[in-house]
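I opened the model today to go through its fold, its core and a handful of single residues. The entries are kept in the order in which I looked things up.

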Amino acid sequence: MPICLGYLSVSFAFGILATQGGLPVWVALLISMTNLTSAGQVAGTQLILTGGMYIEIAITTFIINIRYMLMSLSLSQKVEAKMTNLQRWILAFGITDEIFAVASQQKEEVSAKYLSGLIVTPYVGWALGTFLGATAAGLLPMSLRDALGIAIYGMFIAIIIPPARKARPVAVVVVLSIALSCAFKWLPLLNQISSGWVIIICAVLVSAYAAARYPIDEEAPEPEKAGGEA
């Protein structure tokens, strides 16, 4: 239920964003019911509204949503061995950041019934919030619509700021992403590149730099060695 309530507010803002751009209510609802990804939906919808190419939309959403593949691979090691492939395929669709976080913290193996219950309610909240936002867009005053329209960006900021304050690599990635995005926005020639390709270029370049600059040491140092180095 907490995940569901959180999704209601975010998807409400997405519904407003989609219908304000000219998409019908049923299209906004269909996007939410077949994607279930906040960042991917926003980026993909904005490319649709600006007339982006199909390949541009596909690559952008693939890069943004590739983290779900990694989450599913990680969670696959925690599910019950008796879970069928069909169940895995269906349930993998519902893996989001919040659902992965809750499921991965369970001490015992995760069953298909548990994942189904964990996924269904947030999925309903995501679709319902989109529908309410899309239908209410024409009834709300413009000032309120504009305010709700930036709510989803506030969520993204709330997601990146806490880890950026705790981990230097995350902070570096955020700063480099902002700087590179501004360069594509304001510098001559670079500002001619469409927004979809800008997202792709920024994501690939900054993530590749971070992976090379801050590799993860899989072997933890021994206490004596760590103390000696300190």
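The notes below go from the overall fold to individual sites.

**Entry 1. Overall fold**

I note at the start that this is a predicted model. I counted secondary structure and found twelve helices and zero strands. Read along the sequence, the pattern is therefore α-α-α-α-α-α-α-α-α-α-α-α. I then looked up burial over the whole protein: of its 230 residues, 33% are buried.

**Entry 2. Nonpolar core**

Which residues have the most contacts inside the largest nonpolar core? I listed Leu75, Met83, Leu91, Ile95, Ile99 and Leu115, in a core of 20 residues. I next asked which helices supply it. Helix H1 (2–20), H4, helix H6 (97–104) and helix H7 (112–136) each give at least two residues to this core. The largest share is that of H7, with five residues.

**Entry 3. Salt bridge between H4 and H6**

I searched the whole structure for salt bridges and got one. The side chains of Arg67 and Asp97 form it, at 3.0 Å from N to O. Arg67 sits in helix H4 and Asp97 in helix H6, so the pair ties together parts that are 30 residues apart in sequence. Are its two ends buried, partly exposed or exposed? Arg67 is partly exposed, at 24% relative accessibility. Asp97 is also partly exposed, at 28%. H4 and H6 had already come up in Entry 2, where each supplies at least two residues of the core.

**Entry 4. Surface patch and Met69**

I looked for nonpolar side chains on the surface. Phe62, Ile66, Met69, Leu70 and Leu73 make up a nonpolar patch there, and together they have about 500 Å² of accessible area. I checked Met69 from this group: it belongs to helix H4, which covers residues 54–76. Its relative accessible area is 45%, so I filed Met69 as partly exposed.

**Entry 5. The loop between H2 and H3**

I went to the loop that joins helix H2 (25–35) to H3, where Thr37 lies. Thr37 is buried, as its relative accessible area is 3%. What does its side chain reach? One partner is the backbone nitrogen of Gly40, at 3.3 Å. Another is the side chain of Asn65, with a polar contact of 2.8 Å.

Leu36 is in this loop between H2 and H3 as well. I noted its phi, which is positive at about 55° although Leu36 is not a glycine. Leu36 is buried, with a relative accessible area of 5% against a cut-off of under 20%.

In H3, residues 38–49, I picked out Gly44. Gly44 has a relative accessible area of 6% and is therefore buried. Its C-alpha atom is 8.1 Å from that of Ala58, and the two residues are 14 apart along the chain.

**Entry 6. The loop between H10 and H11**

A positive phi turned up again at Leu189, with a value near 70° in a residue other than glycine. Leu189 is in the loop between helix H10 (168–186) and H11. Is Leu189 buried or exposed? With a relative accessible area of 71%, Leu189 is exposed. Leu36, by contrast, is buried.

**Entry 7. Ser207 in H11**

I followed H11, residues 195–213, as far as Ser207. Ser207 is partly exposed, at 43% relative accessibility. A polar atom of its side chain lies 3.1 Å from the backbone oxygen of Val204. I also checked the distance from Ser207 to Val173: C-alpha to C-alpha they are 7.3 Å apart in space, with their positions 34 residues apart in sequence.

**Entry 8. Cysteines**

How many disulfides does the structure hold? I found zero. Cys202 is in no disulfide, and the nearest cysteine sulfur, that of Cys182, is 9.4 Å away. A disulfide would need the sulfur atoms within 2.5 Å, so this pair does not qualify. Cys202 is buried, at 10% relative accessibility. I also looked up Cys4, which is buried at 8%.

Terms used: Residues numbered from 1 in each chain as written. Predicted model: local features only at pLDDT ≥ 70, side-chain atom pairs only at ≥ 80, totals over all residues. Heavy atoms only, no water. Helix = DSSP H or I, 4+ residues; strand = E, 2+ residues; numbered from the N terminus. Buried < 20%, exposed > 50% of the residue type's maximum accessible area, 1.4 Å probe, protein only. Polar contact = N/O pair within 3.5 Å; in protein donor to acceptor, adjacent residues only side chain to side chain. Patch = residues over 30% accessible without salt bridge, like charges linked within 9 Å, V, L, I, M, F, W, Y side chains within 5 Å. Areas by Shrake-Rupley, 256 points an atom, 1.4 Å probe, with all protein chains shown as cover. Salt bridge = Lys/Arg side-chain N within 4 Å of Asp/Glu carboxyl O. Core = buried A, V, L, I, M, F, W, Y, C linked by side-chain atoms within 4.5 Å.
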